[in-house]
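Biologist: I have a model open in front of me and would love a guided close look at one part of it. Could you start from one residue and then walk me outward to the side-chain contacts?

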Amino acid sequence: MDTQDEERPLIHPLPTQDECSEFTCDGTVDINNQRAPKRSTGNWRACFFILGAEFTECVAVYAITKNLVSYLTGVLHESNVDAATTVSTWIGTSFFTPLIGAFLADTFWGRYWTVVVFLSVYAIGMLTLTASAFLPLLMGSSYNRGIHRAATYLGLSLTALGNGGIKPCVPALGADQFDATDPVERVKKGSFFNWFYFSVNIGSLLSATVIVWVQDNIGWGVGFAIPAVLMVSGLPLFVAGHKVYRYQRVGGSPLTRVSQVVVAAVRNYRLELPEDCSALHEVPGNCKIQHTSQFRFFDKATIVVAPSSNEKAPTANSPWRLCTVSQVEELKMLLRMFPVWASMVLFFAATAQMSSTFIEQGAAMDNHVGPFTVPPASLATFDVVAVMVCVPIYDTVLVPLARRGTGKERGLSQLQRLGVGLGLSVAGMAYAALVEGRRLSLARSTQPSASMSIMWQAPAFAVLGAGEVFTAIGILEFFYDQSPDGMKSLGTALAQLAIAAGNYLNSAMIAAVAAVTTRNGEPGWIPDDLNNGHLDYFFWLMALLGVVNLLYFLHCSIRYGGNKNNTCS
C-alpha cells in the first residue's frame with residue numbers, strides 16, 4: 001500500500017437524524033465494538049466510575065507529593081538538598097511518563113486498557129511504598145537503611161510510571177462519554193471537566209490535611225496505607241464501569257506523524273527545495289493546512305524522490321521518507337509554540353518549591369497555631385484553597401470585567417492569562433525570600449525564644465496557587481487550542497511536559513546552588529540546618545530569574561502570531 005492509500009480518508013455515509021438520537025455519532029463504540037447506544041452507555045452513569053478512580057489516584061499522588069520531603073529527611077535521613085532534588089525529580093518524572101501513556105493509548109491499547117494497566121502498576125507502587133514504611137518495624141535489629149531506601153525508591157518509581165497512563169487518558173476517556181455531535185451532551189461535557197477538576201482538588205485537599213496529619217502524628221506506614229487501600233479499591237471501581245463506557249477506536253499516534261517528518265527531512269537533507277511549493281507532496285483532496293515558509297528545513301520531508309532502479313516504489317514512498325505538506329505544517333505549528341512552552345518551565349520550577357524548599361522552610365518555623373500543631377506540608381492547603389476560590393472568581397468576575405475592556409470573548413487572551421500567572425510566581429518567590437530573611441534574622445537574634453510562625457508561609461502558597469489558575473490551567477487551554485486538529489492530545493501532553501521540565505530544572509538548580517555555595521567548607525545556601533544557610537538567597541535567585549523569564553515571555557508573545565488551520569484553496 002503506498003502513502004496515498006494510507007493517508008486517503010475513508011468516506012462513510014453520514015448517519016441520519018434518527019440514528020443519532022439512538023446511537024452516538026462521534027465515532028464511539030460500546031464494549032462489543034458496536035456503535036454506542038445513547039440510553040445504556042456514556043453520560044454521567046459512566047463518569048461516576050471514572051471520577052471515582054481519578055479521586056483515588058489524586059489522594060495517592062498528593063499523599064506522596066505533599067510530604068515526601070519530610071519522609072526523606074526525617075526517616076531516610078537524607079540532606080535537605082538531596083530530599084528537595086529527589087522530590088522535584090519524582091514529580092518531573094510523573095509528568096513526563098504521560099507521553100508514554102498517551103502513545104500506548106493512541107497507538108495500541110486504547111484509553112480504557114491503558115488506564116487499567118497503569119492503575120495496576122500504580123497500586124503495586126503504593127503497596128511497595130507502604131511496605132517500605134513498615135520495614136524498620138518488620139526488620140527489627142536487622143534493619144538496613146540501604147534496603148529501606150531501595151524499597152522506597154522502587155515504590156516511587158512504580159507510582160511515577162503508573163501516573164503516566166492515568167493523566168492523559170482519564171480526562172479524555174471521561175470526555176468520550178458525551179457525544180460531541182449532540183448539543184445536550186456537549187454541554188454536559190463541559191460540566192464533566194468542572195467536576196473532574198473538582199475531584200482533583202478534593203483529593204489534594206484531603207491529602208494535604210488528613211493524610212499529612214496521619215503521616216506526622218500516627219505513622220508513615222498508616223499514612224501510606226490509607227491511599228494505597230484507596231488505589232487498590234479504585235481499580236475494581238474503574239473496571240466495574242466497562243460495560244457502560246463509550247470507547248474511541250484506536251488510531252494512529254500523532255507522535256508517530258511528528259517523528260516521520262523529522263526522519264524524512266533528515267533523510268532528504270541533501271535535496272534542494274523546489275521554488276514552487278505546489279511541487280511538494282500532498283495527497284489530493286487531503287490538503288488541510290496551507291504551506292508556510294517558516295522552518296523550511298522540514299519541507300524537505302515533502303520532496304518527491306523518484307525510486308532508483310533497484311528500489312521498489314513503496315519503499316521510496318514510505319511515510320518515513322515522504323510526508324505531506326499538511327503533516328509538515330502540523331510539526332511547524334508545534335514548533336511555533338515552543339518559545340511559549342519554554343517560558344513556562346521556570347514557572348513550574350517556582351511552584352515546585354511548594355513541595356520541596358517551602359516544606360523545609362516550614363520545618364524550621366514555629367508550627368504551633370493556638371492549640372494546634374500544623375504539619376509543614378499542610379500549608380499546601382492554602383494553595384488548593386486559592387485555586388478553588390480563584391477559579392470561580394476568574395470565570396464569574398474577572399472575565400466579564402476584562403471582556404468589557406478588551407472586547408474579547410475570553411476577556412483576557414490566552415497569552416495575557418499566561419503572563420499574569422508568570423508575574424504572580426515572581427511575587428510569590430519574592431515574598432518567600434522576605435519571609436526567610438525575617439526568619440533568619442529572628443533565629444540568629446540574641447533572644448532564644450524568638451521564632452517566626454509558620455502561618456507567614458500561607459500567602460506564598462496562596463499567591464502561587466492563584467498563579468496556577470492563570471498559568472497552569474492557561475497552558476493547557478493554550479496548547480489545546482493552538483495545536484493542530486489531529487494533535488490535541490499530544491498538545492495536552494506537551495503542556496504537562498512543561499511541568500516535568502520545571503521540576504527537573506528545580507532539581508538541577510538546587511544541586512548546582514549546593515555545589516557552588518558549599519565550596520571551601522561553607523555550609524551553603526541550603527544546609528541541613530537552615531539557620532546556618534541562606535535559603536532566602538535561593539528564593540531571590542528564583543524571583544530574579546522569574547523577572548528575566550517574564551521579559552522573555554513578553555518578547556515571545558509579541559512575536560507569536562498564532563496558529564491557524566487554514567484550509568487550502
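Is S40 buried, partly exposed or exposed? Please take your time with the answer, and carry on to the rest once that residue is settled.

Modeller: Happy to. Please keep in mind that this is a predicted model. S40 is partly exposed, because its relative accessible area is 40%, and that value falls between the 20% limit for buried and the 50% limit for exposed. You will find S40 in the loop that runs between β1 (28-29) and α3 (43-65). To place this residue in space, look back along the chain to D30: the two residues are ten apart in sequence, and their C-alpha atoms are separated by 9.4 Å.

From that loop, step into the cysteines. The structure holds zero disulfides. C47, for one, is in no disulfide, and the nearest cysteine sulfur, which belongs to C58, is 15 Å away. C47 is also buried, with a relative accessible area of 0%. C556 counts as buried too, at a relative accessible area of 10%.

Now for the aromatic side chains. F48 and F49 belong to a cluster linked by ring pairs, together with Y112, W113, F238, Y245 and Y247. The structure holds 24 aromatic pairs. In one of them, F338 and W341, the ring centres are 5.5 Å apart and the planes meet at 20 degrees, so this pair is stacked. Both residues sit in helix α13 (residues 325-351), where a spacing of three residues is about one turn of the helix. Their surroundings can be read from the accessible areas: F338 is partly exposed at 47%, whereas W341 is buried at 14% relative accessibility. Another aromatic pair, F538 with F539, is tilted, with 6.3 Å from centre to centre and 50 degrees between the planes. F538 counts as buried with a relative accessibility of 0%, and F539 is likewise buried at 0%. A ring can also meet a charge: the charged end of R417 sits over the ring of Y394, at 4.3 Å from the ring centre.

Charges meeting charges come next, and here the structure holds ten salt bridges. One of them joins E78 to R149, with the closest N and O atoms 3.6 Å apart. This pair links distant parts of the chain, since E78 is in the loop between α4 (68-74) and α5 (80-96) while R149 is in helix α7 (residues 145-166), 71 residues apart. E78 counts as buried at 11% relative accessibility, but R149 is partly exposed, with a relative accessible area of 27%.

A second salt bridge to click on is the one in which the side chains of E185 and R246 meet, at 2.9 Å from N to O. E185 lies in helix α9 and R246 in the loop between α10 and β2 (247-248), so the pair ties together parts that are 61 residues apart in sequence. Both E185 and R246 are buried.

Back in the region of the stacked pair, R336 forms a salt bridge with E329, and their closest N and O atoms are 3.8 Å apart. Salt bridges with shared partners join these two residues with D299 and K332 into one network. R336 counts as buried at 17% relative accessibility, and E329 is buried at 1%.

Let me finish at the surface. F134, L137, L138, W213, I218, V222 and I226 make a nonpolar surface patch of about 700 Å². Two elements, α6 (98-139) and α10 (220-239), each give two or more residues to this patch. Helix α6 gives the most, with three residues. W213 comes from helix α9 (residues 183-217), the helix that also holds E185 of the salt bridge to R246. W213 has a relative accessible area of 43%, so this residue is partly exposed. A residue needs over 30% relative accessible area to be part of a patch, and W213 passes that limit with its 43%.

Terms used
Residues numbered from 1 in each chain as written. Predicted model: local features only at pLDDT ≥ 70, side-chain atom pairs only at ≥ 80, totals over all residues. Heavy atoms only, no water. Patch = residues over 30% accessible without salt bridge, like charges linked within 9 Å, V, L, I, M, F, W, Y side chains within 5 Å. Areas by Shrake-Rupley, 256 points an atom, 1.4 Å probe, with all protein chains shown as cover. Salt bridge = Lys/Arg side-chain N within 4 Å of Asp/Glu carboxyl O. Helix = DSSP H or I, 4+ residues; strand = E, 2+ residues; numbered from the N terminus. Buried < 20%, exposed > 50% of the residue type's maximum accessible area, 1.4 Å probe, protein only. Phe/Tyr/Trp six-rings, centres within 6.5 Å; stacked < 30°, edge-to-face > 60°. Lys NZ or Arg CZ within 6 Å of the ring centre and 35° of its normal. Disulfide = S-S within 2.5 Å.
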